[in-house]
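Q: I'm new to this one and would like to go through it with you step by step. Could you put it up so we can both look?

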Amino acid sequence: AGDYANAVVVYSASDGIVLWQKTTWLGKGAPFTWAVDFSADGSTLAMGHWDGYAYLASVAPKRRAQRHDEDDSIEEGVDNFEEEEASEYDFEETAAVQRPDRVYAIAVSSDGSKLAVGGRDRHAVVYDVDGGAVREALDTEHEAFVYAVALSHDDEILAVGRVDCVVAIHDLTKNGVEVAVIAMEGLINGLAFAPRARSLAVAADQNTVDVWDLTDPTEPVETLVETRHAPTADVAFSRRGVAFCSGSLFSTLGADDLEPAWHEATTFEAAQAALDDPRALAAALRRHPTVVNARNPVSHESLLQFAVRKKTYHCVDVLLRAACSVGLLTDTNGTDAIAAALEHGRKDLLPPLLDLATSALER
């Protein structure tokens, strides 16, 4: 955890015991630490501070020798020892990289061999790391402050999040050339790549959590738009899904070991929420077209019927264009979408709904 009081503290995740802390810094400036990141193998900790430096520390578990007497006897002159991993760790600061201005963002590759740094100088830089030796490998210049950086699990893609609401995608196999741009609705607060896939999660000043597929980095494909009650402050991936925080709430999405849960059927509640955001609705229909036929588990009202009652003409039109057969399903009261349109005075929706009914009869 980095704070606003010149401290980075590492805790034990099991009991909260403080394992290590850093309170001394090389540069001057506000006492803010905006970025901390562990390598996936846990061997490297990176810290970005407003003093204009990025810091690296090595992490190694302490091991203690435990005497092991087999059958309560020890061969004379021979000591039998068994190594046992303790719950303590050795932290050693190994390097400090000076930048021209405040460091806002930091990311470490899975094995700690690469370090990405972004900040107020409007640059995102990738360094090669070999123990305490750090060498600049790539420098990318941007049009706005860099608030977030992320490296893909294969170290081939650098994602750069900026305050001008843009995520720039750079191909590290092609000298870091910018190959795509993802435009968001708010400034970018956080980025995270999945540990085993080219899925990029984006946290921004907008009421959604977004995941993009960068299998082809030149053509990002939006695969998840989860609507939220507030702008998203940060986001992280685990092997089981994605976690994100909005305001004071922390949420997780995804439960399966290999495939995150949004690859499964969207719940009716999630589908309802998607109706309020055009991008969320488009992503849901792209992944699961049949969500248009999702039903309230209590009232059996279909998503289409709910949209007819509550949402705009455009929203209903998008649902009717889903790439699947759209049904005029009835709820527990025997009401379908056409009856709901008549009951609520939605005469503008009658023509497309009647066309749907006619086409269904023709089939």
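Q: Let's start with strand 17, residues 208–213: is it largely enclosed by the rest of the structure or largely open?
A: This is a predicted model, so please read what follows as computed from it. Strand 17 has six residues and five of them are buried, so the strand is largely enclosed by the rest of the structure.

Q: Which way does strand 16 run against strand 17, and how many bridges join them?
A: Strand 16, which covers residues 199–204, runs antiparallel to strand 17, and five bridges join the two. The connection between strand 16 and strand 17 is a hairpin of three residues, and within the pairing Val202 stands opposite Asp210 of strand 17.

Q: And how does strand 17 pair with strand 18?
A: That pairing is antiparallel as well, with six bridges between strand 17 and strand 18, the latter being residues 221–227. Within this pairing, Val209 has Glu226 of strand 18 as its bridge partner.

Q: Back to Asp210, is it buried or exposed?
A: Asp210 is buried, because its relative accessibility is 0%, and the cut-off for buried is under 20%.

Q: Which side chain does Asp210 meet in a salt bridge?
A: Asp210 meets the side chain of Arg279, with an N to O distance of 2.6 Å. Asp210 lies in strand 17 while Arg279 lies in helix 2 (residues 278–287), so this salt bridge ties together parts that are 69 residues apart in sequence. Salt bridges with shared partners also bring Glu185, Asp210, Glu222 and Arg279 together in one network.

Q: How many salt bridges are there in the whole structure?
A: A search of the whole structure gives 15 of them. One of the pairs is Asp121 with Arg99, whose closest N and O atoms are 2.7 Å apart. This pair links distant parts of the chain, 22 residues apart, with Asp121 in the loop between strand 8 and strand 9 and Arg99 in the loop between strand 6 and strand 7. Asp121 is buried at a relative accessible area of 17%, and Arg99 counts as buried at 12%.

Q: What about Asp128 and Arg135, how far apart are their closest N and O atoms?
A: Those atoms are 2.6 Å apart, and the two residues form a salt bridge. Asp128 counts as buried at 19% relative accessibility, whereas Arg135 counts as exposed at 52%.

Q: Changing topic, how many residues are in the largest nonpolar core?
A: The largest nonpolar core has 26 residues, and those with the most contacts inside it are Leu275, Leu303, Leu304, Val308, Leu319 and Leu353. Helices 1 to 6 each supply at least two residues of this core, and helix 3 gives the largest share, five residues.

Q: What does Leu303 touch, leaving aside residues up to four places away in sequence?
A: Its contacts include Phe268, Ala271, Leu275, Val291 and Leu319. There is also a second, separate core, which has 17 residues, among them Ile169, Met184, Phe193 and Ala204.

Q: Last one, how many disulfides does the structure hold?
A: The structure holds zero disulfides. As for individual cysteines, Cys165 is partly exposed, with a relative accessible area of 22%, whereas Cys315 counts as buried at 6% relative accessibility.

Notes. Residues numbered from 1 in each chain as written. Predicted model: local features only at pLDDT ≥ 70, side-chain atom pairs only at ≥ 80, totals over all residues. Heavy atoms only, no water. Disulfide = S-S within 2.5 Å. Buried < 20%, exposed > 50% of the residue type's maximum accessible area, 1.4 Å probe, protein only. Helix = DSSP H or I, 4+ residues; strand = E, 2+ residues; numbered from the N terminus. Pairing = 2+ DSSP bridges. Salt bridge = Lys/Arg side-chain N within 4 Å of Asp/Glu carboxyl O. Core = buried A, V, L, I, M, F, W, Y, C linked by side-chain atoms within 4.5 Å. Contact = heavy atoms within 4.5 Å.
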